[in-house]
Amino acid sequence: MVLERAEDEEKWLAEGIAAIQQNAFYMHRALDANNLREALKYSALMLSELRTSNLSPHKYYDLYMRAFGELRGLEMFFKDESRHGVSIVDLYELVQHAGNILPRLYLLCTVGSVYIKSKEAPAKDILKDLVEMCRGVQHPIRGLFLRSYLSQVSRDKLPDIGSEYEGDGDTVMDAVEFVLQNFTEMNKLWVRLQHQGPGRIREKREKERSELRDLVGKNLHVLSQIEGVDLEMYKETVLPGVLEQVVNCKDDLAQYYLMECLIQVFPDEYHLQTLEALLGSCSQLQPTVDVKMLLSQLMERLSNYAASSPDVLPEFLQVEAFAKLSSAIWKVVDAHAEMPVVGAISLYVSLLTFTLRVHPDRLDYVDQVLGACVNKLSGKPKLEDRRARKQIVALLSAPIEKYNDVVRALTLPNYPRVMEYLDSSTNKQMAMVIIQSIMKNNTCIKEADKVEVLFELIEGLVKDVDGIAVDELDEEDFNEEQNYVARLIHMPYNDDSEEMLKIMCAVQKHIMGGGPKRLPFTVPPLVFSALRLVRRLQSQDGEVVGEELPATPRKLFRLLSQIIEALSSVPSPELALRLYLQCAEAAGDCDLEPVAYEFFTQAFVLYEEEVADSKAQVTAIHLIIGSLQRMTVFGVENRDTLTHKATGYAAKLLKKPDQCRAVYACSHLFWVDDQKGIKDGERVLLCLKRALRIANAAQQMASVTRGSAGPVTLFVEILNKYLYLFEKGNPQITSSAIQSLVELIQNEMQSDSTTQDPASDTFFASTVRYIQYQKEKGGVMGEKYEPKKV
Amino acid sequence: MRCIKGKRKRLILEGRSREKEKKDHLWRVANLWGGTRKMVLVLALGDLHVPHRAPDLPAKFKSMLVPGKIQHIICTGNLCIKEVHDYLKTLCPDLHIARGEYDEETRYPETKTLTIGQFKLGLCHGHQVIPWGDLDSLAMLQRQLDVDILVTGHTHQFTAYKHEGGVVINPGSATGAYSSITYDVNPSFVLMDIDGLRVVVYVYELIDGEVKVDKIDFKKTTTTTAH
């Protein structure tokens, strides 16, 4: 049925066009012959084709355009009185004799156009007459096109300011009234189309209507182009006229389209000044009209206007734009309670964007918008809708992006409340946005209470929430998250030590609940933050470490102990060991011997009980020796205990080469090159000799197990150590000892049973070269080396 | 063993004011030698300790370190996380790293040697060499690895020492991370320009928010090329 109809329409259109062309041909012949009568006859015939009811708007438009083209020629003819000899006044009368109303009116409009141009009568009179006469055609499609034609031909003849048709009682007001009336009538026709015609299905009707909408909207465009329409006139005449029609027509299609047109076509200053009227009408529209889209568009336009130049901002304040818009929006949201959440939130997002552009310093406004969002969401379960979530992320990200300062967002009381309504993954997403903003802008967070709020906001990252176990998360994502949190911990900072201590306690409180998977990430940054504070305190009070100050190194070390202790739950012994050593060194620098000793003890306990992997043990023991070697805080007894323990562990490492290296490293524990440093030559030598014994044993083991002795690297290393301590002036290390060691190595190298190793060869060679070089240096060093023969 | 640190000469760039953007410095380095030879720039840095002790490289450093200008990177270790490794890789694909005691990746080597041009370079984090930061002990490592230039870290203090065997360089900490060994650490890194038998070491330090550059010249004596 539909297809038939479509085919029929094609046929009818073709027939119509053919008829128009034919009549036009005769009309032109008549025009050429200056035969007015014939011309009128054929033009009327031609225009009769437009009387059809059979075409859809789209096809009717084709037909109309053909006729329109032909009428231009006719108009030229009318204009030239010499050709037809009839005065324009008479012509105006003459064309009204046409048989049917539609052709009659088209001709009348054509003549009217010429009439106005001739200025023989005031433009306003003619226009008024025409717009009234067009009432005669009440068929929607035909009427719309007719009035559209009227609009087109009158366009350049309106008595606008500065136009040639102005004056003598013809004013802009008349032009406005004319256009308004045409608009009103056209809208009525347009709406009528909705209810007309049996057997047409609703979608088709709506489609047809939307094809026609531009015809109606054009009038608004014309209104906006009239120069004489200033703000006053707009406010008093134009807007009320348009709005009255829009509201009264009670048609949702028309209302939406026309409001949209209105918003787009007229300048933003006007909208600003007429906000109340606009918003008032919005609330009177049909319930099915998508008001929030209109409000969003309006706010977007106003936001852009605000952004265009700072001079316009006072206007916004003057008209209390925010108050009006926000109350309109609250009303809309309340009125449409069944509207899905995403709709309300996108409105809030538009309002927030507007607020941030226009009133960036009014944090209370921003908070109001967030508060409205909280109200909307309260009582509902956490958001499931993906689009709604996206909108909320946009809502929360907007203030952060605008201010580039998360601290401001933290001061908004409603901000964390909105975040509560997010499901955990969106919450985490938002938390990451916050952290990334802080990192990017190097935001300095100075107060402990802000730190509290911050950590509450990012709670989803810092601990398990909602019963979602950490194991369910993707490992890479998890690591990335936690690394961000770790980096974040460095950002809060305050020059005042008291405040800094409070900040650290706040951070500690939050991260301690993170669970074994998170602690290895979050504990180290906190520890080093604390150590930095210790150092600051050290330099602040100089030698005096007063107990009366609340923030003292001692207090911090107690805190540190607690924090590192938490790692035992992970367990993370290697990391904890390193952190204990760091604390021990720091305590040593503060002259707190018992504290330092305690930290060392903890480190040793971990080494003994937890570090089982042999490679890890090697690194750990070197760290212990390295730390201990540097520390000067210990008294003789304590130092003895610790060095004894360290040397013992060194000798018990699994692999012989590792043992050897660790033991000769221990030799440095007994020789510190400071003025106050320990210089126990004997024990140094003991260590070195022990290292030699181990190296020997290693060689022997190698020859037993592999058939040839291993490389002599270890011996060369020990030789270098001998040289080092010899140079430092250790009396126990004699030239002869070194001499014999050199010979030992030479023998080993030449022996058949030793594996040739180019690396140890070069090492030995460069050592020998070094000895040579030292000899040649002369002076004290040269004398020392003199006895050596290599 | 002679420490050059006390006698550094201020860098003079063909009379241009030192207030100019430091990131152009890399190109001006080429101009100093007529700009026609192929540049071999080696970036030496380490001890970033991200995220344990520092959130990120200083912004001023980041803006200077642009991909495509550097031919090799040697890193003393303690990055500590993969993100830093990936970032360095984008600066230059030829990346060499030695293991630091806090590095997440346990498979980096304890020491590494490589040859660039006429120079043999050695790389080690330095926590293995006791006493930490001690020159003579580091010299022993240099003899053991048989290299002209030894690059180590761990102390977070920039140093450059010249001695008979060669050069020992510590690029410091690129992020200015806390160190139990050094107080008041300034972020620093080193750029070496290797040209034949000569290497110019540029050190970039961030002091009070400004990037300061110094340079040290080393020329290799032929006796050490005996191997």
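Helix H34 of chain A, residues 656-666, is a good place to start in this predicted model. This helix is mostly covered, with eight of its eleven residues buried. Those eight are Asp658(A), Gln659(A), Cys660(A), Ala662(A), Val663(A), Tyr664(A), Ala665(A) and Cys666(A). What do the buried residues of H34(A) pack against? Within chain A, their neighbours are helix H32 (614-630), helix H33 (636-651), helix H35 (681-706) and helix H36 (713-727). The other chain takes part as well, since H4 of chain B also packs against these buried residues.

That helix of chain B leads us to the interface. The contact between the two chains involves 48 residues from chain A and 34 residues from chain B. The size of an interface is often given as the accessible area lost when the parts come together. Here chain B and chain A bury about 3900 Å² between them, and 55% of this lies on carbon and sulfur atoms. On the side of chain B, the residues that lose the most area to chain A are Ile130(B), Arg143(B) and Tyr178(B), which together make up 20% of what that side buries.

Let us look at the polar side of this meeting. The rule finds two salt bridges across the interface of chain B and chain A. One of them joins Asp56(B) to Arg487(A), with the closest N and O atoms 3.5 Å apart. There are also 19 residue pairs in polar contact across the interface, counting pairs in which both residues have pLDDT 80 or more. Helix H4 of chain B, residues 135-145, supplies the largest share of the side of chain B that touches chain A, namely five residues. Sorted by class, that side has 14 nonpolar, ten polar and ten charged residues.

Next come the cysteines. A disulfide is a covalent bond between the sulfur atoms of two cysteines. Over all chains, the count of disulfides comes to zero. Why does Cys249(A) have no such bond? Its closest cysteine sulfur, in Cys261(A), is 13 Å away, so the two are too far apart for a bond. Cys249(A) is buried, with a relative accessible area of 14%. Cys583(A) gives a second example: the closest cysteine sulfur belongs to Cys590(A) and is 11 Å away, too far for a bond. Cys583(A) also counts as buried, at 0% relative accessibility.

Finally, the backbone has some details to look for. Most residues other than glycine have a negative phi, and most peptide bonds are trans. Where, then, are the exceptions? In chain B, the peptide bond from Val50(B) to Pro51(B) is cis, with omega near 5°. Pro51(B) sits in the loop between strand E3 (41-45) and helix H2 (59-64) of chain B. Another cis peptide bond joins Ile130(B) and Pro131(B), where omega is about 0°. Pro131(B) is in the loop that runs between strand E7 (119-124) and H4 of chain B. Ile130(B) has already appeared among the residues of chain B that lose the most area to chain A.

Two residues that are not glycines have a positive phi. For Asn404(A) the value is about 55°, and this residue lies in the loop between helix H20 (386-403) and helix H21 (406-410) of chain A. For His156(B) phi is about 60°, and this residue lies in the loop between strand E8 (149-152) and strand E9 (159-163) of chain B. Is each of them buried or partly exposed? Asn404(A) counts as partly exposed at 39% relative accessibility, whereas His156(B) is buried at 3%.

Technical notes. Residues numbered from 1 in each chain as written. Chains lettered and ligands numbered in written order. Predicted model: local features only at pLDDT ≥ 70, side-chain atom pairs only at ≥ 80, totals over all residues. Heavy atoms only, no water. Contact = heavy atoms within 4.5 Å. Buried area = accessible area lost by both parts, 1.4 Å probe. Salt bridge = Lys/Arg side-chain N within 4 Å of Asp/Glu carboxyl O. Polar contact = N/O pair within 3.5 Å; in protein donor to acceptor, adjacent residues only side chain to side chain. Helix = DSSP H or I, 4+ residues; strand = E, 2+ residues; numbered from the N terminus. Nonpolar A, V, L, I, M, F, W, Y, C, P; charged D, E, K, R; others polar. Disulfide = S-S within 2.5 Å. Buried < 20%, exposed > 50% of the residue type's maximum accessible area, 1.4 Å probe, protein only.
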